[in-house]
Amino acid sequence: MAKTLGFILVATALITFGGSWGLEDCFQEEERLRAQVRLLETRVKQQQVKIAQLLHEKEIQFLDKGEENSIIDLGSKRQYADCSEIFNGGYQRSGFYKIKPLQSPVELSVYCDMSDGGGWTVIQRRADGSENFNRGWDDYENGFGNFVRKNGEYWLGNKHLHLLTTQGDYTLKIDLEDFEKNSRYAQYKSFKVGDEKNLYVLNIGEYSGTAGDSLSGNFHPEMQWWASHQRMKFSTWDRDNDNYKGNCAEEDQSGWWFNRCHSANLNGVYYKGPYTAETDNGVVWYTWHGWWYSLKSVVMKIRPNDFIPNIV
C-alpha cells in the first residue's frame with residue numbers, strides 16, 4: 001500500500017511540475033518566435049525603403065498608354081552631359097533622350113528641345129494639369145512626372161538641376177503661353193541651383209525677354225524685398241525655407257523658391273486662366289498676367305551660355 005501511494009505521489013509530481021516546465025518552455029518559444037517576427041518585419045520595412053530609394057535613383061517613369069513612349073536611341077556608348085552635347089553630336093530631333101551630367105551617378109531621361117536654336121534641356125513642363133505639383137521635399141528633390149510623353153508634365157529634380165548647372169554656365173529660358181494663344185518668354189543668364197546642403201538655392205543673372213522679370217522682382221523696387229526669388233532657398237509644404245512668417249509652399253500648394261511669397265510660381269495649381277482662390281496659388285508670372293491668372297503652358301529649359309550649334 002505504501003509503495004502504491006509513493007508511486008502515485010511521484011507520478012502526480014512529475015505531471016504537475018513537468019506540465020509547468022512544459023508551459024514555461026512554450027512561453028519562451030512563443031516569445032522567441034515573436035522576436036523573430038518583429039526582426040523580420042523590421043527587415044522588410046528596411047528593404048521597402050531601400051527599394052523605394054532605388055526606384056527614385058533609377059528614375060522609374062511610367063508610360064502613358066497610347067502616347068509617345070520611346071527614348072531616342074543614340075546608338076553609341078558615349079554619354080552626353082546635356083541636350084546641347086546631343087545636338088552637337090548630330091541628333092537634332094526633339095524628343096526624349098538619356099543624359100548623364102558629369103557628377104551624376106545615374107542616367108536621366110529628359111526632353112531635349114532641338115528647336116529654338118537647339119540643345120535645350122527641359123527641366124520643367126506644365127501643359128494640361130495632368131500632374132500633381134503639390135508634393136513634398138523628396139519628390140521635388142528626386143524629380144517626378146511623365147518623362148516619356150511629348151507634352152508630359154514633369155519636374156526634373158533639384159538634385160539633378162544642381163548637377164547640371166554646376167558643370168558650366170547655363171542660360172534659363174522660360175516659354176509661357178496663355179489660354180488666348182499668346183506667347184511670351186523670359187530668359188536669364190547664369191542660372192544655377194545650389195546643392196542639398198544649401199537647400200537648392202536659386203541664383204540667376206541678367207534678364208532678357210518679353211514676359212517681364214518676375215524672378216528677380218526688378219519690376220518694382222518697393223516690392224523686390226518680398227517678391228524677388230533671387231538667392232531664395234527651395235521650399236515645399238514639409239520643408240519651409242522661405243522668408244514668410246507662414247508657409248508659402250503650403251498656402252500656394254507647390255514647391256518653389258519662395259520669398260514672402262512670390263511674383264512667379266510656375267509649379268502652382270493648374271487653373272484655366274482667371275481664377276479665384278484663398279491665395280494666388282495658380283501658375284503665375286506676375287509681370288505678364290498678374291497674380292490672378294493661371295497660365296496654360298510653361299516650359300523651363302536650360303542650355304550653356306556659350307552654346308554654338310554645330311550645324312552641318
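## R125 and its strand

In β14, V299 is the bridge partner of R125. That pairing is one of the contacts in this predicted model where β3 and β14 run antiparallel, joined by 5 bridges. R125 also stands opposite Y154 in β5. Here β3 (residues 120–126) and the short run β5 (residues 154–155) pair in the antiparallel sense, over 2 bridges.

There's something to look at on the side chain of R125, too: its charged end sits over the ring of Y111, 4.7 Å from the ring centre. As for β3 itself, it's mostly covered, with 7 of its 7 residues buried.

## β2, covered on both faces

Y111 takes us to β2, since this tyrosine is one of the buried residues on that strand. How much of β2 is buried? The count is 6 of the 6 residues in 108–113, so the strand is largely enclosed by the rest of the structure.

In a regular strand, side chains alternate between the two faces of the sheet. For β2, L108, V110 and C112 are on one side, while S109, Y111 and D113 are on the other, and both sets are buried. So don't be thrown by finding D113 on that list: with under 20% relative accessible area as the cut-off, D113 counts as buried along with the others.

## Neighbours of β2

Which way do β1 and β2 run relative to each other, parallel or antiparallel? They're antiparallel, and 5 bridges hold the pairing between β2 and β1 (residues 95–99). If you want a spot to check on screen, I99 stands opposite L108.

β2 also pairs with β3, again in the antiparallel sense, over 2 bridges. C112 faces T121 across this pairing, and D113 stands opposite W120. The hairpin that β2 and β3 make has 6 residues between the strands, and D116 takes a positive phi there, near 55°.

## β6 between β7 and β14

Now for β6 (residues 170–177), which is mostly covered: 6 of its 8 residues are buried. β6 is joined to β14 (residues 297–304) by 8 bridges, with the two running antiparallel. Y170 stands opposite P304 in that pairing. β14, remember, is also a partner of β3.

β6 has an antiparallel partner in β7 (residues 183–193) as well, through 7 bridges. D175 stands opposite Y185 there. The ring of Y185 has a charge over it: the end of K173 sits 4.7 Å from the ring centre. β6 and β7 form a hairpin with 5 residues between them, and K181 in the turn has a positive phi of about 70°.

## Aromatic pairs

How many aromatic pairs does the whole structure hold? A search finds 21. Take Y80 and Y91: their ring centres are 6.5 Å apart and the planes are at 80°, so this pair is edge-to-face. Y80 lies in the loop between α1 (2–57) and α2 (83–88), and Y91 in the loop between α2 and β1, so the pair ties together parts that are 11 residues apart in sequence. Y80 is buried, at 5% relative accessible area, whereas Y91 is partly exposed at 25%.

Then there's Y286 with W291, a tilted pair at 4.0 Å centre to centre and 35° between the planes. Y286 counts as partly exposed, at 24% relative accessibility. Ring pairs also link up a cluster, whose members include F133, W137, Y140, F144 and W155. Y200, F234, W256 and W257 belong to that cluster too.

Terms used. Residues numbered from 1 in each chain as written. Heavy atoms only, no water. Buried < 20%, exposed > 50% of the residue type's maximum accessible area, 1.4 Å probe, protein only. Helix = DSSP H or I, 4+ residues; strand = E, 2+ residues; numbered from the N terminus. Pairing = 2+ DSSP bridges. Phe/Tyr/Trp six-rings, centres within 6.5 Å; stacked < 30°, edge-to-face > 60°. Lys NZ or Arg CZ within 6 Å of the ring centre and 35° of its normal.
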